[in-house]
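Work through the following exercises with the sequence and the structure side by side, and try each task before reading its solution.

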Amino acid sequence: MQVLVVIALTLVVVASPRPTAAAQPHDLMLVLDNSGSMRVNDPQFLTAVAVRAFIADLPGDARLGLVVFDETVELAVPLSPLTGESRARLRDRLGQVDFSGQWTHSPAALERALYALRTEGRDEIGRASCRER
């Protein structure tokens, strides 16, 4: 049985192992809203702080990707193992998020993240779903 976890911070999609299988690795896709409305929702840009802390706390066997969206959707960082280089790439790309987009195309962003998890995610990883704001 496969389920998918979707957690909205700014909008974060996470695929994680089944709760009973704590030793399984994690494949995760972060989905960040880069639209201008985020200036009101996150004026201090705490999204960057939260995402950096989240990345720092991930186990070494985790794989992480990043989708950034406004009126367009960009696979900013493909799903890849967390190495020093990939963590730096994620931090660099996160630094380019500036809440400057005009529109918010959330459905396409979630679809892109789910597609990455389906096509690039590891088969042995379970999936779970939830959404918070």
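**Exercise 1.** Determine which residues Leu64 is in contact with, leaving aside its neighbours within four places in sequence, and then place Leu64 in its wider surroundings.

*Solution.* The model examined here is a predicted one. Step one is to list the contacts: beyond its neighbours within four places in sequence, Leu64 touches Leu28, Leu30, Ile55, Leu58, Pro78, Leu79, Ser80, Leu82 and Leu90. Step two is to look at the core, for Leu64, together with Leu66 and Leu90, has the most contacts inside the largest nonpolar core, which has 19 residues. Step three is to ask where that core draws its residues from: strand E3 (27-33), helix H2 (46-56), strand E4 (63-69), strand E5 (73-81) and helix H3 (84-95) each give two or more residues to it. A second core, separate from this one, has 9 residues, among them Val67, Ala113, Ala116 and Leu117.

**Exercise 2.** Describe how E4 is covered and how E4 pairs with E3 and with E5.

*Solution.* Begin with burial: 7 of the 7 residues of E4 are buried. Taking the two faces in turn, one side carries Arg63, Gly65, Val67 and Phe69, while the other carries Leu64, Leu66 and Val68, and all of these are buried. Next, consider the pairing with E3, which is parallel and runs over 7 bridges; here Asp33 has Phe69 of E4 as its bridge partner. Finally, the pairing of E4 with E5 is antiparallel over 6 bridges, with Ser80 of E5 as the bridge partner of Leu64, and a hairpin of 3 residues joins E4 to E5.

**Exercise 3.** Work out whether H2 and H3 are roughly parallel or roughly antiparallel to each other.

*Solution.* First take the geometry: the two helices, H2 and H3, pack at an angle of about 175°, and their axes are 11 Å apart. Because angles over 145 degrees count as roughly antiparallel, H2 and H3 are therefore roughly antiparallel to each other. Then identify the residues that make the contact, which are Ala48, Val51, Arg52, Ile55 and Ala56 on H2 and Arg87, Leu90, Arg91, Leu94 and Gly95 on H3. Sorted by class, this contact has 6 nonpolar, 1 polar and 3 charged residues.

**Exercise 4.** Decide whether Phe45 is buried or partly exposed, and do likewise for Phe99.

*Solution.* Phe45, in the loop between helix H1 (38-41) and H2, has a positive phi near 55°. Its relative accessibility is 25%, so Phe45 counts as partly exposed. Phe99, in the loop between H3 and helix H4 (106-120), has a positive phi of about 55°, but at 4% relative accessibility Phe99 counts as buried.

Notes: Residues numbered from 1 in each chain as written. Predicted model: local features only at pLDDT ≥ 70, side-chain atom pairs only at ≥ 80, totals over all residues. Heavy atoms only, no water. Core = buried A, V, L, I, M, F, W, Y, C linked by side-chain atoms within 4.5 Å. Buried < 20%, exposed > 50% of the residue type's maximum accessible area, 1.4 Å probe, protein only. Helix = DSSP H or I, 4+ residues; strand = E, 2+ residues; numbered from the N terminus. Contact = heavy atoms within 4.5 Å. Pairing = 2+ DSSP bridges. Axes fitted to C-alpha atoms, helices over the stretch in contact; angles between N-to-C directions. Parallel < 35°, antiparallel > 145°, perpendicular 65-115°, else oblique. Nonpolar A, V, L, I, M, F, W, Y, C, P; charged D, E, K, R; others polar.
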